[in-house]
Amino acid sequence: MGVWKIDETEANRSNRREAERLAINLLLQNMLGNNPVLGHKENGMPFLEDNHLNISISHTKGYVAVILSRFTYPGIDIEYPSDRAWRLRHKFLSDNELYMFARAREEEIKATICWCAKETAYKTLRESGVDFIKHLHILPFKTDSKNGSLLLEETKTINNQVFTINYQITDDYILTWKE
């Protein structure tokens, strides 16, 4: 797993997508020691050509994140801290999940962790038609430290898997991943 900070002096706003693409390539080169070719399937899922590793990618304002796995389908999501997830919480959290929010300072961070965790699980599932409220269920968790994990149950597939989603909170971003 790796996170790459995009240098703002090299990446202006008009070329943000190109800067993200270049940053992903640099991060992959650093992680793998070669120049891998990144492709995308019809559904948008990334894959590494001529490579046996599974990949998940995310980007946010000024950062890209990549996770690789040989044996599982990994997932990763990165978001910059803001009140956006808190404002949109009713679009991705069930009524049962909304009760987890108690303290004002915790609301924006915890809502962003929940959003990122559901994005991570979605990327791990590799299924179409996933409804974040109906199919992805976060079990109660606390955000007492900058690093932690939560449990998320998916009810989209017949397997009804429970994923451990790790998270990291920094001043610049919130990162979630499943290996």
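Helices and strands here are DSSP runs, numbered from the N terminus. These close-ups all come from a predicted model.

**View 1. Helix H1 and the strands that cover it.** Let's start with H1, which spans residues 16–32 and holds 17 residues. From the first C-alpha to the last, H1 reaches 24 Å, close to the 24 Å expected at 1.5 Å a residue. Its buried residues are Ala19, Glu20, Ala23, Ile24, Leu27 and Leu28. An α-helix has 3.6 residues a turn, so residues three or four places apart point the same way. What lies over the buried residues of H1? The cover includes strands E1 (2–5), E2 (37–40), E3 (46–49), E4 (54–60) and E5 (63–69). Just after the helix comes glycine 33, with a positive phi near 75°.

**View 2. The largest pocket.** This pocket encloses about 460 Å³ of space. Its lining counts 23 residues, and the closest to the centre are His40, Gly44, Met45, Pro46 and Ile57. H1, E2, E4, strand E6 (75–79) and helix H4 (104–125) each give two or more residues to the lining. Which element gives the most? That is E4, with five residues. Sorted by class, the lining has nine nonpolar, eight polar and six charged residues.

**View 3. The second largest pocket.** Here the volume is about 340 Å³. Among the 16 lining residues, Glu79, Tyr80, Ser82, Arg84 and Trp115 are the closest to the pocket's centre. Two or more lining residues come from each of H1, E4, helix H2 (84–87) and H4. The lining is made up of five nonpolar, four polar and seven charged residues.

**View 4. An aromatic pair and its cluster.** The model has five aromatic pairs. One of them joins tryptophan 115 and phenylalanine 132, a tilted pair at 5.3 Å centre to centre with 40° between the planes. Why does this pair tie together separate parts of the chain? Tryptophan 115 sits in helix H4 and phenylalanine 132 in the loop between H4 and strand E7 (136–138), so the pair links parts that are 17 residues apart in sequence. Are the two partners buried or exposed? Tryptophan 115 is partly exposed, at 25% relative accessible area, while phenylalanine 132 counts as buried, at 12%. Both rings belong to one aromatic cluster with Phe92 and Tyr122.

**View 5. Leucine 136 and its contacts.** Leucine 136 has its place in strand E7, and it counts as buried, with 0% relative accessibility. Which residues touch leucine 136, leaving aside neighbours within four places in sequence? Its contacts are Glu97, Lys118, Ala121, Tyr122, Leu125, Val130, Asp131, Leu152, Glu153 and Glu154. Tyr122 is also a member of the aromatic cluster in View 4. Further along the chain, glutamine 168 lies 32 residues from leucine 136, and their C-alpha atoms are 20 Å apart.

**View 6. Positive phi at aspartate 50 and arginine 126.** Most residues other than glycine have a negative phi. Aspartate 50 has a positive phi, near 55°. This residue lies in the loop between E3 and E4, where it is exposed, with a relative accessible area of 85%. Arginine 126 likewise has a positive phi, near 55°, and its place is in the loop between H4 and E7.

Conventions:
Residues are numbered from 1 along each chain as its sequence is written. This is a predicted model: local features need pLDDT of at least 70, side-chain atom pairs count only at pLDDT 80 or more; totals for chains, interfaces and linings use all residues. Side-chain values use heavy atoms; hydrogens and water are left out. Helices (H or I, at least four residues) and strands (E, at least two) are DSSP runs, numbered from the N terminus. The expected span of a helix is 1.5 Å times one less than its number of residues. Buried means under 20% relative accessible area, exposed over 50%, partly exposed in between (1.4 Å probe, protein chains only). Contact means heavy atoms within 4.5 Å. On a 1 Å grid over the protein atoms alone, a cavity is a set of points where a 1.4 Å probe fits but cannot get out, and a pocket is an open set with protein on both sides within 12 Å along at least five of seven lines; lining residues have an atom within 4 Å of a point. Grid points are joined across faces, edges and corners, and a volume is the space filled by probe spheres set on the points. Ala, Val, Leu, Ile, Met, Phe, Trp, Tyr, Cys and Pro count as nonpolar, Asp, Glu, Lys and Arg as charged, and the others, Gly among them, as polar. Rings of Phe, Tyr and Trp (its six-membered ring) pair if their centres lie within 6.5 Å; planes under 30 degrees apart count as stacked, over 60 as edge-to-face and the rest as tilted.
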